[in-house]
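Q: I have a sequence and a model open side by side. How do I start reading the features?

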Amino acid sequence: MVPFVYDENDSQAQRKALLCLGNDKHSIETSFLHYLYNAFGRHLYSQKYYLYKALAYAVRDRLMARWKHTWLSYYEADTKRAYYLSMEFLIGRSLSNNLFNLGIDRNTGKALYELGADLEEVENAEHDAGLGNGGLGRLAACFMDSCATLQLPVVGYGLRYRYGMFRQRIQNGYQIEEPDQWLAYGEYPWEIRRADYTCVVKFGGSTRSYRDPHDHGKLTVHWDHAEEVLAIPHDIPVPGYQNNTVNTLRLWSAVSAEDFNLSEFNTVSYYDNVAEKKAAESITMVLYPNDASESGKELRLRQQYFLVSASLSDLLKHWKRAHGDDFSTFAANNVFQLNDTHPSLAVPELMRILVDEEYMPWDDAWDIVTRTMAYTNHTLLPEALETWPVPLFQKLLPRVLEIIYEINSRFLGFVSMKWPLEQERYQRMSLISEDQRIRMAHLALVGSFSVNGVAEIHSKLLKKGLFRDFYELWPEKFNNKTNGVTPRRWLAVANPGLRELLNKTIGTEWMVDLTRLKELEQHLDDADFMRAWDEVHRENKQRLADMVRERTGVDVDTAMLFDVQVKRIHEYKRQLLNVLHLIHLYARMKFDDSKPEVRRCAIIAGKAAPGYAMAKKIIKLIHNVAAVVNRDPDIGDALKIVFIPDYNVSTMEVICTGTDLSEQISTAGKEASGTGNMKFMMNGAITIGTLDGANVEILEEVGEDNFFLFGMKVDEVQEHRKHYNPAGVLEVDHDLRRVMELLKSGHFNQFEGGIFDDIIGSLLDPADPWMTLADFRSYVEAQDRAEAAFAEPERWRRMGIVNCARSGRFSTDRTMQEYNRDIWNLEPIEIGPIEDLEG
């Protein structure tokens, strides 16, 4: 290993630099004021953003010494490391989380208070980082938090999107997408731009083969690329919980490799240069561009290759700096975790680097690849498994396509030796479909030594269905790693009232060992604890009610049942089933004069993909139904329906702490895992759900007395699908028939004729893959049971405490320990204290 130049003089200089970075109230106040007045030229009464920015820099200074120390400790240990490749890292706001993990949140709050500022207001001035969309990205962020807390040497690799997904605005019930300008102020205080580690990513052109006269006439392939794009890294610190470890999330920003040429100004070539620059920078402009067009598809493929090419180039540079051309221990010291199919191109790209640039024999290179790549699947929907047309690959990535062809040829030869004459199986397993599309999931399956699902039922269904052929070929590859969420972010930081109650009741160890929450069950008959629990939950519901009023203009009473469904809008997640039930409640009150014992506020939030017409129509339906119900004097305050726009991490931090009933109602066998269900459970909400995803394991933990189960099981869905008859379901269910009649009559769209015909048609279609109407009656009965339980406050309270107490299984600390035990095999590296830093 090449040692760092790190002498006593440098050590003394670092100690001097740390003298002003104490963690006491006075030191924090001094650092904050230094940045506010001296660096940014602002004052205490400036916009809250500048107070946030000054505080962020003051906190980043305290992270920096630990960050550097962590990196040096990993380097000097020369230990095995894991690299988590993901198109998304939905980290949300960082200030509150970093203060908490550093253990300086209280002193910071006191420092600001003495200056006349409020820490919560300053925290709220931070914009959510636009680096992800939904569960996939939030899971990646939780994983990074837990890896740092467990002191595992893990680096995250992703893309630094300029605009993120989009900001959702609602206009007349319709979703309007606007740019998410999370970098509107021009910078992100937490990141460090590391231009010295810039990589070059190549696209287009063609390949040529030749005999290398300097290497005994060896046949060599050269990629004559047509375009180069610079990948500039921006590093974000990821601190562990009060353990001195600060891991790295490295995000790549795309910049044109073409320099500005003054002599070409105002010439045709200048404008061509500008167009090329824009094309290059578009790679990291927006998360998940709409791929309905050919240009959108091309951009998404460019994004995926840009991520893996830059990340692997970066790692290989570091490796060669320390080990030269010796790759004999590369596989023993590196492992790549592919977060879904998006980074699957890491398989052929690493082959390309090893074969073409390091001149390694194919078999040796393939041995390294298949001992370092691990694949996590996040979907059971075949249509969600990405495929790319071969002509697009030929245009953008000609050399990578050749390598995929070679991998496929060798793989199918291997399969044919296992199963001779099974042509249909060969077609199913081929990396290239009959209609000439590259199957990205198959590429990841073939190139990885580990393949995992993200919930027990999901992993079983992968082996029985979607990946059955591959499981029969390589059963030893397949394993399960049930998802989780970080309890620091989703309980300790998001719910400070409950955190203090837990600390007082069972101590603080639960923050690093969530199974300790089980001790709460010893206090189920403690009247003082019960009263305190109620008070915390009432305050959280009030905070949520305030958000609802601010975002939607609707006033809701905290005594109502807060019935919540917040997640990406998609047919399989069945927001439609929720709406049908709400229409049923409305009809029961309107026509049967049946006032419910329990008043309900239904809260829905989530974004629809810009190109997903049906999902956007569902959002419109929710708003139209809400408009009718909320304004009907016959309904009054018995039922309110609200849709909170622009759902994001910060919004969820408020929602999950104030929820009573958590809606997890996807069609059984469609949801891989879900993590929102875990966040709600951890904060004491009770789940109403199907036997799908992680719901199955939540039910195992809490028991049927503390979970409102409904709907068909997976095998029942598969059997029922053969003869599914929505018309027959309507015929025997008066309530459902009335709901559908209200929809058909235009009751919710009196001046917008026919706008919901597509939704009605999908519900009544025997081929409806989500079988929404089939589960309606069971769902209504489960909702009735939930109302009955909520009407008994003591019973509901006990159910909530039991859910919280038994949520220990769903910490990402447990998840990452399992990844490490079964896949990565990393050694935790203890990071010692930083001299003179603790104040």
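A: Start with burial. A residue counts as buried when its relative accessible area is under 20%. The model here is predicted.

Q: Take Arg-574. Is Arg-574 buried or exposed?
A: Arg-574 has 1% relative accessibility, so it counts as buried. Find Arg-574 in the loop between β17 (561-566) and α22 (575-591).

Q: Which side chain makes a polar contact with the side chain of Arg-574?
A: Look for N or O atoms within 3.5 Å of each other. The side chain of Arg-574 pairs with that of Asp-775 at 2.8 Å.

Q: What else is Arg-574 in contact with, leaving aside neighbours within four places in sequence?
A: Contact means heavy atoms within 4.5 Å. With those neighbours set aside, the partners of Arg-574 include Gln-565, Thr-690, Phe-710, Trp-770 and Met-771. Ile-665 and Ser-666 are also among them. Ile-665 and Ser-666 appear again in the lining of the second largest cavity.

Q: What lines that second largest cavity, and how much space lies in it?
A: About 70 Å³ of space lies there. Its lining includes Lys-567, Lys-573, Gln-664, Glu-671, Asp-692 and Asn-695. By class, the lining has one nonpolar, six polar and four charged residues.

Q: How many cavities of 30 Å³ or more are found in the whole structure?
A: The search finds four. The largest holds about 200 Å³ of space. Its lining has 16 residues, and Ile-91, Ser-94, Asn-97, Val-238 and Arg-489 are the closest to its centre. Helices α4 (95-102) and α7 (135-149) and strand β9 (227-239) each supply at least two lining residues. The classes divide into eight nonpolar, four polar and four charged.

Q: Now a strand residue. Where does Tyr-157 lie?
A: Tyr-157 is in strand β2 (residues 154-159). With a relative accessible area of 3%, Tyr-157 is buried.

Q: Which residues does Tyr-157 touch, not counting those up to four places away in sequence?
A: Sequence distance and spatial distance are separate readings. Tyr-84 is 73 residues from Tyr-157 along the chain, yet their C-alpha atoms are separated by 6.0 Å. Tyr-157 touches Tyr-84, and also Phe-89, Leu-249, Trp-252 and Leu-307, among others. Asp-314 is one of the touched residues too. The side chains of Tyr-157 and Asp-314 form a polar contact of 2.5 Å.

Q: Try a charged residue in a helix. Is Asp-469 buried or exposed?
A: Asp-469 lies in helix α18 (residues 468-473). Its relative accessibility is 12%, so Asp-469 counts as buried. The side chain of Asp-469 makes a polar contact of 3.1 Å with the side chain of Arg-425. Beyond four places in sequence, Asp-469 is in contact with Trp-419, Arg-425, Arg-428 and Met-429.

Q: And a whole helix? What should α2 span?
A: Check the length against the residue count. Helix α2 (residues 25-39) has 15 residues, so at 1.5 Å a residue it should span 21 Å. Its end C-alpha atoms are 20 Å apart, which agrees.

Q: Which residues of α2 are buried, and what do they pack against?
A: The buried ones are Ser-27, Ile-28, Glu-29, Ser-31, Phe-32, Tyr-35 and Leu-36. They pack against α3 (48-77) and α5 (105-114).

Q: What is found at the two ends of α2?
A: At the start, a side-chain oxygen of Asp-24 reaches to within 3.2 Å of the backbone nitrogen of His-26. After the helix comes Gly-41, with a positive phi near 65 degrees.

Conventions:
Residues numbered from 1 in each chain as written. Predicted model: local features only at pLDDT ≥ 70, side-chain atom pairs only at ≥ 80, totals over all residues. Heavy atoms only, no water. Helix = DSSP H or I, 4+ residues; strand = E, 2+ residues; numbered from the N terminus. Expected span 1.5 Å × (residues − 1). Buried < 20%, exposed > 50% of the residue type's maximum accessible area, 1.4 Å probe, protein only. Polar contact = N/O pair within 3.5 Å; in protein donor to acceptor, adjacent residues only side chain to side chain. 1 Å grid on protein atoms, 1.4 Å probe; cavity = no way out; pocket = protein on both sides within 12 Å on 5 of 7 lines; lining within 4 Å. Points joined across faces, edges and corners; volume = space filled by probe spheres on them. Nonpolar A, V, L, I, M, F, W, Y, C, P; charged D, E, K, R; others polar.
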